[in-house]
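User: Please take a close look at one residue in this model and set it in the context of the whole chain.

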Amino acid sequence: MIKLIGLTKSYMGLRAVDNLHLEVGRGVLFGFLGPNGAGKTTTIRMMAGILKPSSGTIVINGMDLSKKPSEVKASIGFIPDRPFVYEKLTGAEFLRFMGGLYRMHDPSVLHLRVQEVLELFDLVHWGEELIESYSHGMRQRLVMCAALLHKPKVLIVDEPMVGLDPKGARLVK
């Protein structure tokens, strides 16, 4: 599902990621562990198509990210370490917006899927509330809802437990 071949990222001569080779198969949970500054987030951002590698190849779902960026991005869910949400939208509006980005154009399918993910992350009662009223942990769970909305084949998560209370962490696990 994920194959990194000779992945390298340099910033002004500093190698944040140096010739990384990695293969993660279908159904495997894989985590990067290491100290701050080890290149974990840089690698994750390259896999999500946010950063361009200095060299190397990223293959996700059998597709080369550099050759089919739209197709690869449509097949993944990404949860960044510092997610952004539109605070003046309700949770459900934000998810419908995200559904549009993922080309989920059938309103009945999208409505059903929004309800499913809100229920999965215990946000159903907050779906019609403005995001500005959400706690940090609730926002994090909403971003997870958005990442899973289109049923991605690969889920890429950076710092999944940051800001979650014990209940939220159990839901994620």
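Analyst: Helices here are DSSP runs of H or I with at least four residues, strands are runs of E with at least two, and both are numbered from the N terminus. The model is a predicted one. Read from the N terminus on, its elements follow the order β-β-α-β-β-α-β-α-α-α-β-α. The radius of gyration is 17 Å, close to the 16 Å that the globule rule gives for 173 residues, so the protein is as compact as a globular protein of that length. In total there are six helices and six strands. The C-alpha trace spans about 50 × 35 × 30 Å along its principal axes.

The residue chosen is threonine 43, which is part of helix α1, residues 40-47. Its relative accessible area is 3%. The cut-off for buried is under 20%, so threonine 43 counts as buried. Leaving aside residues up to four places away in sequence, threonine 43 touches Leu4, Leu7, Val17, Leu20 and Phe32.

Now the chain as a whole. Of the 173 residues in the protein, 42% are buried. Among contacts with a separation of 6 or more, 61% join residues that are 24 or more positions apart. The accessible surface comes to about 10,100 Å², and carbon and sulfur atoms account for 56% of that surface. As for charge, the protein carries 22 positive and 17 negative side chains. The centres of these two sets lie 7 Å apart.

Notes. Residues are numbered from 1 along each chain as its sequence is written. This is a predicted model: local features need pLDDT of at least 70, side-chain atom pairs count only at pLDDT 80 or more; totals for chains, interfaces and linings use all residues. Side-chain values use heavy atoms; hydrogens and water are left out. The radius of gyration is taken over C-alpha atoms; the globule rule is 2.2 Å times the number of residues to the power 0.38. Buried means under 20% relative accessible area, exposed over 50%, partly exposed in between (1.4 Å probe, protein chains only). Contact means heavy atoms within 4.5 Å. Accessible areas come from the Shrake-Rupley method with a 1.4 Å probe; for residues, only the protein chains shown count as cover. Lys and Arg count as positive and Asp and Glu as negative; His and the chain ends are not counted. The place of a charge is taken as NZ of Lys, CZ of Arg, CG of Asp or CD of Glu.
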